[in-house]
Amino acid sequence: MTKKKDTYSRIVSTLRERAKQEGSLPPVLDAYKKLLDLQLDTKSRIKAEPPHLDQEAATARLREGSHLVAFDELSPDWILVSDLFRAVGQFIADNITYEPNDATAYATLAADSQSLQSAVSSWYEGKSPEPVTGEGRPSEELLSSAIQATLYPFLVTRAEPLRSLVKQEIWRRRQCPVCGGKPDFAFLDSDRGARWLLCSRCDTEWLFQRLECPYCGIQTHTDLAYYSDKEGIYRLYTCKNCQSYIKAIDLRKTGKEMLLPLERALTADLDRQGVEAGFKPG
C-alpha cells in the first residue's frame, strides 16, 4: 500500500505542479514555498517523540485551561533551531527587507545560544522577544516572525501525536489547546458548518463558537460581522471591538479536501481587503 503523503509534502507538490503549469509562481507563493522548503528540510531531521501525556493527563490539563505543551516540555534540538533561525534570517533579508546586511543580526543571535533560547522562550510565552542588540537589528515584529517561522517545524512535529488527545467539548478557548498559540485561519466544517480555528504556530485545529471574536472574546453581534466572496467559499470575519480580522473558508462550498495551511498564502488578497477596511490580523 502506498503511504499517503502528509499535508506539507502535498502542499509542496501542489505548488510545484502550479509552477509547472503556469511557468512560475506569484511572488507571495514563491516566497512561501522557499520558506516551507527550509522548514520541511528541518522537520525531516527532527526526531519524533511519543506524547508526554496520556489521555487522562491531557484531559485534566485542558479542563484546567492549560495547553498541552509548556515551553520546558518542547525541548527542541537547539542546534537545529539555530541553523534554521540563521537560514530564516537570510530568507527575510532576501525576500522581505531586501537588505543583505540584515541577515547578519539574525546570524549573530543564532550563534548566541543563551540569547536565542531566551528570545524563543519569551515569544512562546506570549511576551515580546528582546530585540537583537547592535546596529541594523531587526524590529520586534520581524524578530517575532523569524522565531515563529523557525519554531514551526518543531511545534508541528510536537503537536502531531497530541492532537488526538484534545477533547473538543471541553476546549472553547481563544488559544491553541496544544501550544497556546493564536489562530490565524478558520474554517466551517463540511458536516454542519461548525467553526474551527487553525493555530498559527502548530496547525492544530479546534472547535470554536460562531458568535465570538477569537482574539478579544466579545460576543456582541453588533461588533461582529463577516464578508464573503461571490461563491460563498471564503469569509473575512471582523471585530469592531479589537479591530481584528480572521480569514476563513467554508468547506461546505468547496466540494473537495483543502490544504488549510496552504490557504493562508492563497488568501493573501483577503489580508489586503481586511487591512484596507481598517482591521488588523489577529
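This is a guided tour of selected residues in a predicted model, arranged so that each stop can be picked out in a viewer.

**Stop one: a bend in helix 8**

Begin by selecting residues 140-159, which make up helix 8, and look along the helix to tyrosine 152, where there is a kink of about 45°. The kink lies shortly before a proline, proline 153. If you then show the surroundings of this helix, you will find that 15 of its 20 residues are buried, so helix 8 is largely enclosed by the rest of the structure.

**Stop two: arginine 195, a buried charge**

Next select arginine 195, which sits in strand 2, the run of residues 195-199. Which side chain of opposite charge is nearest to this buried arginine? It is that of glutamate 212, but the distance is 7.1 Å, and arginine 195 has no salt bridge. A salt bridge would need a side-chain nitrogen of Lys or Arg within 4 Å of a carboxyl oxygen of Asp or Glu, and this is why the pair does not count as one. Glutamate 212 is nevertheless worth displaying with its backbone atoms, for the side chain of arginine 195 reaches the backbone oxygen of this residue at 2.7 Å. Setting aside residues up to four places away in sequence, arginine 195 also touches a series of other residues, among them Phe187, Trp206, Phe208, Pro214 and Tyr237.

**Stop three: the cysteines**

Now select the cysteines and show their sulfur atoms; the structure holds zero disulfides. Cysteine 176 is in no disulfide, and the nearest cysteine sulfur, which belongs to cysteine 202, is 3.6 Å away. Cysteine 176 itself is buried, with a relative accessibility of 0%. A second pair to display is cysteine 216 and cysteine 239: the sulfur of cysteine 216 has its closest cysteine sulfur in cysteine 239, at 3.7 Å, which is too far for a bond. The cut-off for a disulfide here is a pair of cysteine sulfur atoms within 2.5 Å. In contrast to the buried cysteine 176, cysteine 216 is partly exposed, with a relative accessible area of 26%.

**Stop four: salt bridges**

The model has 16 salt bridges in its count, and a few of them can be visited in turn. Select aspartate 41 and arginine 45, whose side chains meet in a salt bridge with an N to O distance of 3.2 Å. Aspartate 41 is partly exposed, at a relative accessible area of 43%, and arginine 45 is likewise partly exposed, at 44%.

Move on to glutamate 73 and arginine 61, which form a salt bridge at 2.9 Å, N to O. This pair links distant parts of the chain, since glutamate 73 belongs to helix 4 (residues 71-74) and arginine 61 to helix 3, twelve residues apart.

Then select aspartate 83 and arginine 86, where the closest N and O atoms of the salt bridge are 3.5 Å apart. Where do these two residues stand relative to each other in helix 5? They are three residues apart in that helix, residues 78-95, and are therefore separated by about one helical turn. Aspartate 83 is partly exposed at 36% relative accessibility, and arginine 86 is partly exposed at 33%.

To finish this stop, display Asp184, Asp203 and Arg264 together, as these residues are linked in a network of salt bridges.

**Stop five: loops and backbone angles**

Select tyrosine 98, in the loop between helix 5 and helix 6 (102-111). Although tyrosine 98 is not a glycine, its phi is positive, at about 55°, and the residue is exposed, with 57% relative accessibility.

Glutamine 243 can be inspected in the same way: it lies in the loop between strand 5 (234-239) and strand 6 (244-250). Its phi is near 60°, again a positive value in a residue other than glycine, and glutamine 243 is partly exposed at 33% relative accessibility.

The last selection is proline 51, in the loop between helix 2 (27-43) and helix 3 (55-63). Proline 51 is partly exposed, with a relative accessible area of 37%. Apart from neighbours within four places in sequence, proline 51 is in contact with Pro161, Leu162 and Leu165. For a sense of scale, draw a distance from proline 51 to serine 128: the two are 77 residues apart in sequence and 29 Å apart in space, C-alpha to C-alpha.

Methods
Residues numbered from 1 in each chain as written. Predicted model: local features only at pLDDT ≥ 70, side-chain atom pairs only at ≥ 80, totals over all residues. Heavy atoms only, no water. Helix = DSSP H or I, 4+ residues; strand = E, 2+ residues; numbered from the N terminus. Buried < 20%, exposed > 50% of the residue type's maximum accessible area, 1.4 Å probe, protein only. Lys, Arg positive; Asp, Glu negative; His and termini not counted. Polar contact = N/O pair within 3.5 Å; in protein donor to acceptor, adjacent residues only side chain to side chain. Contact = heavy atoms within 4.5 Å. Bend = angle between axes of the 7 residues up to and from the residue.
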